[in-house]
Amino acid sequence: MRIELLPSSQPASDRQFLVSYLVNDAVAIDAGSIGLLAELDRQQLVEHVFITHQHIDHIATLPILLENVYEPGPKSIEVLADPQVLGFLHNDLFNGRVWPDFLALSTPDDPFLITTPLEAGQPVVRAGLTIVPIPVSHAVPTLGLIVDDGQSVVAFPSDTGPTVDLWRQLASVERLRAVFLEVSFPNSLAGLAEVSGHHCTASFAAEITKLDRQVRWIVVHRKPRYADEIAAEIAALGRPDVELVRPGIVYDL
Ligand SMILES: [Zn+2]
Ligand SMILES: [Zn+2]
């Protein structure tokens, strides 16, 4: 499975302001930075966009992506999310004020976008990937995603603090190779991490002991202001199985 966390800083750096992963070039997980890809043909290759929750760092360039790839005809991008999140996208983004109401403008022969509701625990198959959404523990309802290409399995918990179901689900997944798990705050802001449904380094370190399995733990979603502080804390854990994500690098997992 080829996975890239798309860069969201200019010039490209390891500062992460927005969230978008590309999986095998055909599936996007979240739409924070995908509309900023300079190579338009890479945007054009994306057929399915899974939205884990409606926070702006995860949907910021969804309207730009749709604008960039639209051409008249039956082909369109499919957006998959919890039904409530699809409602937010329609009411708060594609509402004819912030951006055109692409849903009202869509016809079966000429859709601007296609929406598909996700249901917790129910797998969907897209572009050769089986993707299972699992609710996690964030400030708003959020779906983590488990992605299986038939050879390897990779988990994208999205924004979350300490959680249970996801690890229960992954406990029996033999082919799990990597987890892209967030650390948003340094330990000095543990209280803020807790109330906002995020991890600090210490809760991350406790969290990864919930999975009794050898995987690559790839740290994502460091708040840019605290990125260096978090990096130092992660290094101090002294765990060779924990690494910081590198935006713009393709992971072959
Ligand atoms: Zn969030
Ligand atoms: Zn976020």
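Is His-138 buried or exposed in this structure? At 12% relative accessibility, His-138 counts as buried, a label for residues under 20% relative accessible area, with exposed meaning over 50% and partly exposed in between (1.4 Å probe, protein chains only). The model is predicted, so local features need pLDDT of at least 70 and side-chain atom pairs count only at pLDDT 80 or more, while totals for chains, interfaces and linings use all residues. Residues are numbered from 1 along each chain as its sequence is written, chains are lettered from A and ligands numbered from 1 in the order in which they are written, and side-chain values use heavy atoms, with hydrogens and water left out.

His-138 takes us to the zinc ion (ligand 1), whose protein donors are His-53 (NE2), His-55 (ND1), His-138 (NE2) and Asp-159 (OD), at 2.2 to 2.3 Å. Donors here are N, O and S atoms within 2.8 Å of the metal (3.2 Å for Na, K and Ca); water is not among the atoms, so sites may look incomplete. The angles among the four donor atoms run from 92 to 163°, and the site is irregular. Four donors would count as tetrahedral if all angles lay between 85 and 135 degrees; four count as square planar and six as octahedral if opposite donors are over 155 degrees apart and all others between 65 and 115, and anything else is irregular. Along the sequence, the donor residues follow the spacing H-x1-H-x82-H-x20-D. His-53 sits in the loop between β4 (48-50) and α2 (56-59), and His-138 in the loop between β8 (129-135) and β9 (143-148), so this pair ties together parts 85 residues apart in sequence. Helices (H or I, at least four residues) and strands (E, at least two) are DSSP runs, numbered from the N terminus. His-53 is buried too, with a relative accessible area of 0%. Asp-159 also bridges to a second metal, the zinc ion (ligand 2), and the two ions lie 3.6 Å apart.

Turning to charged side chains, the count comes to 13 salt bridges, each a side-chain nitrogen of Lys or Arg within 4 Å of a carboxyl oxygen of Asp or Glu. One of them joins Glu-78 and Arg-126 (2.7 Å, N to O). This pair links distant parts of the chain, from strand β5 (residues 77-81) to strand β7 (residues 124-126), 48 residues apart. Glu-78 is buried, at 8% relative accessible area. Glu-207 and Lys-210 also meet in a salt bridge (2.8 Å, N to O); Glu-207 is buried at 1%, whereas Lys-210 is partly exposed at 40%.
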